[in-house]
Amino acid sequence: MTAPFDVDAFGVRVRVHGTGAPAADGALRAAWAGALSTGRGDAEREVHLRTDEPFDAAMERITVDVTLAALEARRGRALLFHSGGVADPQGRVAAFVGPSGRGKTTLSRELGTHFGYVSDETIAVDAEHRVQAYRKPLSLVREAAPKQQVSPQQAGLRGLPDAPLRLGTLLILDRADEYQTPTLEAVSLVEALPELVTQMSYLCAHAEPLQRIARLCDAVGGVRRLRYAEASDVVALMPEVFEPSAHASTWRSWPRQTSAGLFTTDAVSDAIISDGAVVVMVGDRLQVLGGVAPVIWQAAATGSDLDAITEDVVAAYGLPPRGDVRVLVGEALEQLLEAGALNRR
């Protein structure tokens, strides 16, 4: 009988149980060689290799099981980005965020042959902006055979630097064949938040989640977008990627107030104001309020009635070229109510 082993999944110690067959468990342990834990004591979570499906499929599935177990364990303790990442010798981590199809895995593996490979799955950032690695097995495509699970070392990826890991830059990926030369461009906080939030796990487990992300973006000098076609083309751009950015957006939090007016913002868990827009979290949904909506929302939240709200809109934007301004403001107010950004008292 072979013994279970522990792996480190972005700071969570997970115990992996095999089948008890030495050959199978040896292959399992070898695939997880990049994430083996050196700590002692009890694991926070445990997972078991399934025995009711082919071994190759079970090897692929257990990676998902470890990831989900670690995500749940880190819930509310770190910001969890669906992201790949690599680190420079100083420990600065470049995290690449984007939905499936943007090339996170390919880019992380290509850059991982030049820089310290951190993860192609999840980047966890704690309150001090420290990053814990997740060097899980990599899935290699084989002709006429199931995917093979190999360790980062077996895939030729570099080890981690000796320096502690800290988030150094946060990039949103945009991959298209038309981008012949990779480029970096600053992304405003209002533009970045919807893209970041959709690629995060358990965000609502944090108090003031939008402010938490905004402070992180400030710490790395703002979010940038990486436009590229081929992962290999990005290698030459990495010195610029790792250099500190200076494009942070100006923002402020919305001071939650108790109002005796007609409306409340009780359903809003957090809100920030930046670039003339208000970004709110309602449950697990993010909404960007633009145009006249920020004026309406802030006035309604502080106790104003429809007449006072209308006066604020006219003062900020003037009269509309057509239509009754009071009717138009009322319609916009109803939209905010339907979206849950406001509630009637």
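Twenty residues line the largest pocket, and those nearest its centre are Thr105, Arg109, Asp120, Glu121 and Lys136. Bear in mind that this is a predicted model. The volume of this largest pocket comes to about 370 Å³.

Who builds the wall? Two helices, α2 (55-73) and α3 (104-111), each give at least two residues to the lining of the largest pocket. The largest share comes from α2, which puts in five residues. As for chemistry, the lining of the largest pocket splits into ten polar, seven charged and three nonpolar residues.

Now move over to the second largest pocket, which holds about 280 Å³ of space. Its lining has 17 residues, with Asp8, Gln132, Ala133, Arg135 and Leu160 the closest to its centre. Here the lining breaks down into nine nonpolar, five polar and three charged residues.

Back to α2, since there's a helix pair to look at. Helix α1 (residues 22-31) and α2 have axes that come within 11 Å and cross at roughly 35 degrees, and the crossing is right-handed. Which residues of α1 and α2 meet there? On the α1 side you'll find Ala24, Ala27, Leu28 and Ala31, and on the α2 side Phe55, Met59 and Ile62. That contact is made of seven nonpolar residues, with no polar and no charged ones.

So α2 is worth a second look on screen: it supplies five residues to the lining of the largest pocket, and it also meets α1 through Phe55, Met59 and Ile62.

Terms used: Residues numbered from 1 in each chain as written. Predicted model: local features only at pLDDT ≥ 70, side-chain atom pairs only at ≥ 80, totals over all residues. Heavy atoms only, no water. 1 Å grid on protein atoms, 1.4 Å probe; cavity = no way out; pocket = protein on both sides within 12 Å on 5 of 7 lines; lining within 4 Å. Points joined across faces, edges and corners; volume = space filled by probe spheres on them. Helix = DSSP H or I, 4+ residues; strand = E, 2+ residues; numbered from the N terminus. Nonpolar A, V, L, I, M, F, W, Y, C, P; charged D, E, K, R; others polar. Axes fitted to C-alpha atoms, helices over the stretch in contact; angles between N-to-C directions. Left-handed = near helix turned anticlockwise from the far one by under 90°. Contact = heavy atoms within 4.5 Å.
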